[in-house]
Structures are given as structure tokens and as C-alpha cells.
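Reader: I would like a close look at one part of this chain, the part where its two strands meet, and then an account of what lies around it. Please take me through it step by step.

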Amino acid sequence: FIKRISTHVAPVSILMLIYSINFRVGSTLGDTFGARYLPISIIKEGNFNLDQFPFLQDRNYYTRQENAHWVSKYPPSAPILALPIYLVPVMLGLPVDSPHVPCLEKMTASLAITLSALFLFLATKIFLSRNWAFFLALLYGTATCSWSIRSSSLYQHGPCQFFWL
């Protein structure tokens, strides 16, 4: 049983370590700002608007005004996936201007990609040896845009990969 658990923990641990040491925390572009702050709005306000974040309003390419509310132009699936990661820090009073908010975004993005690599490992382990499955999962997690882009910021691509595999 312990060996079986360690077999699954190894790729997750290695990939989370790799994704954490690239020192890239969140996107400086506005593309992911809605996904970065929407989990806070969902937890604190119970809604899907960005009204309580004036610094996000009137940004033409990633927010829009709809029914007198500011909303993200992107779907809410990635922010919903981020809720478990954001829940405790936000409930403990994490300020919205905290430098830790982008870290929560990165943690969510990294975890989504890491878990998709774990699912790939589990799927390929059915047909290949454990070592080959491990190699393919690490290759997928490090030699594709999964590492360079999707593990750093909460774009829609990371959660899509997670649910696709």
C-alpha cells in the first residue's frame, strides 16, 4: 500500500517542485486578473462580479460591464476550480492587495497541471511499465507549454488540461 501511494506522490511532488522554482508568479498581463480575483469575490461576496475591485474595472480587454456590474470576459471555470486553494486564506482575512494573491493563482494553476500529469501517469501505467509511465508524465509536465505557461497563471488552458485527461 505504501509503495502504491509513493508511486503516485512522486510525480506530483517532483512537478510541484519544478513549477515552484521557476520564480514566475502569476501573469503580469491582465488576462488572468479576473481568474485571480473572482475566487475572492465568490468566497467573500457570494457573487461572480468584480465590483469590489475598482482596480480591475474599465479594463477593456479582460473585464466588461454587464447589468451594472463589472465581470470578467473569461468563463468562471478556472476561478471555481481555485476555490479550495483560496478558501482558507480568504476566510482568514487575506487582503485583496496582498502579494500572496498571485501566489494562490500560481498554486492553483500548478496543481491543475500537476494533477493532469498524474492522471496521464495513471492512464499510461495501464499499458506501459511504471517507469515509462512516470517518464511520459514528467515529459508532459516539463517539456510542453504546461510548464512554461499553464503552471504559472490561471488561464483557462490549465483547468481544461486537468479535465481533459
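Author: In this predicted model, strand 1 (residues 63–66) and strand 2 (residues 69–72) pair in the antiparallel sense, and 4 bridges join them. The two strands make a hairpin with 2 residues between them, and N67, which sits in the turn, has a positive phi of about 50 degrees. At the turn end of the pairing, E66 has H69 of strand 2 as its bridge partner. In a regular strand the side chains alternate between the two faces of the sheet.

To place the hairpin in the chain, it helps to recall that the protein has 7 helices and 2 strands, and that the order from the N terminus is α-α-β-β-α-α-α-α-α. Strand 1 is linked to its surroundings through T63, which is touched by L56, a residue that also touches F33, Y37, L50 and Y62, leaving aside residues up to four places away in sequence.

L56 leads on to the nonpolar interior, being one of the residues with the most contacts inside the largest nonpolar core, together with Y37, I40 and Y86, in a set of 21 residues. Helix 2, helix 3 and helix 4 are the elements that give two or more residues to this core, and helix 2 gives the most, with 7 residues. Apart from this core lies another one, of 7 residues, among them L15, Y19, A117 and Y140.

Helix 3 is the element that follows the hairpin in the order of the chain, and its buried residues are A78, P79, A82, I85, Y86 and V90. An α-helix has 3.6 residues a turn, so residues three or four places apart point the same way. The buried residues of helix 3 pack against helix 2 (33–45), helix 4 (101–125) and helix 7 (157–164). The helix bends by about 55 degrees at I85, with a proline, P89, following within four residues. Even so, the 15 residues of helix 3 (residues 77–91), at 1.5 Å a residue, should span 21 Å, and the end C-alpha atoms are 21 Å apart, so the two values agree. Just after this helix, G93 takes a positive phi of about 100 degrees.

For the chain as a whole, 44% of the 165 residues count as buried, while about 9,000 Å² is exposed, with carbon and sulfur atoms supplying 69% of that area. Among contacts with a separation of 6 or more, residues 24 or more positions apart account for 63%.

Conventions:
Residues are numbered from 1 along each chain as its sequence is written. This is a predicted model: local features need pLDDT of at least 70, side-chain atom pairs count only at pLDDT 80 or more; totals for chains, interfaces and linings use all residues. Side-chain values use heavy atoms; hydrogens and water are left out. The expected span of a helix is 1.5 Å times one less than its number of residues. The bend at a residue is the angle between axes fitted to the seven residues ending there and the seven starting there. Buried means under 20% relative accessible area, exposed over 50%, partly exposed in between (1.4 Å probe, protein chains only). Contact means heavy atoms within 4.5 Å. A nonpolar core is a set of buried Ala, Val, Leu, Ile, Met, Phe, Trp, Tyr and Cys residues joined through side-chain atoms within 4.5 Å. Two strands pair if DSSP finds at least two bridges between them. Accessible areas come from the Shrake-Rupley method with a 1.4 Å probe; for residues, only the protein chains shown count as cover.
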